[in-house]
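Colleague: I would like to go through this model and ask how each label was earned. Please set each value against its cut-off.

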Amino acid sequence: MVKENQLKVHNSLTGQKETFEPINQDNVGMYVCGPTVYSNVHLGNVRTFMSFDMIYRYLKFLGYKVRYVRNITDAGHLTDDGNVENDRFVKQSKLEKLEPMEIVQKYTVDFHKVLEKFNLLPPTIEPTATGHILEQIALAEKLINLGFAYEVNGSVYFDVEAYNKKGLDYGELSNRNIEELINNTRDLDGQGEKKNPVDFALWKNASPAHIMRWASPWGDGFPGWHLECTVMSTKYLGDYFDIHGGGMDLKFPHHECEIAQAKGSNGHEPVKYWMHANMLTMNGQRMSKSTGNYILPMQLVTGENDFFEKAFHPSVVRFCFLQAHYRSVLDISNDAMLASEKGYNRLVEALKTLESITPKKTSTVDIAELEKKLYAAMDDDFNTPILIAHLFDAVKMINSIKDSFENITAEDLDRLNVLMNGFVHEVLGLDTEAVNESSDKLDGVVKMLIEMRNQARVDKNWTLSDQIRDQLSALGIQLKDGAEGTTFTF
């Protein structure tokens, strides 16, 4: 098929949708900020990584060769109060009585297991912060030599004022004014060392109590949070690459600082398209451990939580997440998950129906128009909600063909199969085979209950018969008694 549309992406740097034109034809370099592995990955992170997995999948689906780099942050950093005791890795290692790198390994493994459960493709490169300490030291040295950074008491800070004096505009991504930033920033990590409160750490001197530490020209210390991503992205993708992604919460200060480091060292923008996924809320409120409005990804899958009445298959969760545009806030709730499960089952059933359709000599359905709509949705900044709406138009088409209200030729049936499986499996990443297995088991259980109900009716045990019917109905399974026996629908 010759696509009528060209992919457009929303560039956070310009605030506009722009036609996607890779720097190198047919090749795409994409960097996404990965997890800080001091605890279990939370559901909001899963939503972000799932969004970029969908973007990665569609780029590959279009035929691009994609180098997808997603880092692992495994080096400790000071928190806002500058207290070494609150370094997340140190704090967690003391809580669990493990070495910091044991914490890293434990939660890196957990991260991979969770993302695999939700059918995310692995990145092509997954570098770690601790594996690139030498490069981070080298970049800090370069920025000092160029006049964009300074050393104080073994710590190195980026000089935002010096950067702005050269017309490089710190704050361009988040549209923040430097004077406003200075007035609203407290010197928390510099403890009075910094020239300016808005300056940020490239390298921090390690106190004797700090466990994670490396030798540097300025003494033992550890890298600043922002430095690692600049180093790893440019090492594997070059000093100007196509896409840099992450959660909306990383736009400032993390991505703003990355731009400053890269422009300070190389003299030009590091990224062509900045992309940000929005946040996840639950029951209309921000997810937070402190408020108790919080759930881990696997608790949603196992049902071991107080917010949802049942467990949900990972593909149902994925389907629910993709029903919202990646740049929109997504709110999940018990009702939303139940509705998503119902819709997802309709989609799965339609794919099964598609396999059993017998083609006719003529077509009364327009597969070309459907194909155009599916691509147009994804070409409009990866608009998965619209894509899913068109997939349900296809579901209606499939059911209409099954019921002989419409006809389809063998050629069009093949095209419909390719389209449905391509967009459902390859683009949205939905694992319908796993759900089919669960569905088959559920069908077997329901059929067994129908047989028990039929026997109860033979035995005139109307109480048991009604109880089985009512309890299945409460679960959303409707029984229909007819001349040919009892059938059921979800």
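**Labels and their reasons**

Modeller: Let us start in helix α14, residues 410-427, where L419 lies. Please keep in mind that the model is predicted.

Colleague: Why does L419 count as buried?

Modeller: Its relative accessibility is 4%. Buried means under 20%, so L419 counts as buried.

Colleague: How far is L419 from A75 in space?

Modeller: Their C-alpha atoms are separated by 44 Å, and the two residues are 344 apart along the chain. For scale, the C-alpha trace of the protein chain spans about 90 × 55 × 35 Å along its principal axes.

Colleague: Why is S233 called buried?

Modeller: S233 is found in helix α7, residues 225-237. Its relative accessibility is 2%, and the cut-off for buried is under 20%, so S233 counts as buried. From S233 to P270 the C-alpha distance is 9.2 Å, with their positions 37 residues apart in sequence.

Colleague: What makes the contact of D53 and R318 a salt bridge?

Modeller: The N to O distance between their side chains is 2.6 Å. A salt bridge needs a side-chain nitrogen of Lys or Arg within 4 Å of a carboxyl oxygen of Asp or Glu, so this pair of side chains meets in a salt bridge. D53 lies in helix α1 (residues 43-61) and R318 in helix α10 (residues 314-322), so the pair ties together parts that are 265 residues apart in sequence.

Colleague: Why are D53 and R318 called buried?

Modeller: D53 has a relative accessible area of 1%, and R318 has a relative accessibility of 1%. Under 20% is buried, so D53 is buried and R318 counts as buried.

Colleague: Which residues form the salt bridge of R453, and is its partner buried or partly exposed?

Modeller: The side chain of R453 meets that of D481 at 3.1 Å, N to O. R453 is in helix α15 and D481 in strand β14 (residues 478-482), 28 residues apart. R453 counts as buried at 4%. D481 has a relative accessible area of 40%, and partly exposed lies between 20% and 50%, so D481 is partly exposed. Elsewhere, D53, R57 and R318 are joined into one network by salt bridges that share partners.

Colleague: What makes M452 partly exposed?

Modeller: Its relative accessible area is 41%. Partly exposed lies between the cut-offs of 20% and 50%, so M452 is partly exposed. M452 is placed in helix α15, residues 432-458. Together with V445 and M448, M452 forms a nonpolar patch on the surface, with about 260 Å² of accessible area in total.

Colleague: How do you know that strands β9 and β10 pair?

Modeller: Strand β9 and strand β10 (residues 271-277) are joined over 6 bridges in the parallel sense. Pairing needs at least two bridges, so these strands pair. One of the partners is M275 in β10, across from G245. From β9 the chain crosses through helix α8 (residues 251-266) to β10, and this β-α-β crossover is right-handed.

Colleague: How many bridges join β3 to β9?

Modeller: Strand β3, residues 27-32, is joined to β9 by 3 bridges, and the two run parallel. In β9, G245 is the bridge partner of V32. Strand β9 covers residues 241-247, and 7 of its 7 residues are buried.

Notes:
Residues numbered from 1 in each chain as written. Predicted model: local features only at pLDDT ≥ 70, side-chain atom pairs only at ≥ 80, totals over all residues. Heavy atoms only, no water. Buried < 20%, exposed > 50% of the residue type's maximum accessible area, 1.4 Å probe, protein only. Helix = DSSP H or I, 4+ residues; strand = E, 2+ residues; numbered from the N terminus. Right-handed = clockwise from strand over helix to strand, strands pointing away. Patch = residues over 30% accessible without salt bridge, like charges linked within 9 Å, V, L, I, M, F, W, Y side chains within 5 Å. Areas by Shrake-Rupley, 256 points an atom, 1.4 Å probe, with all protein chains shown as cover.
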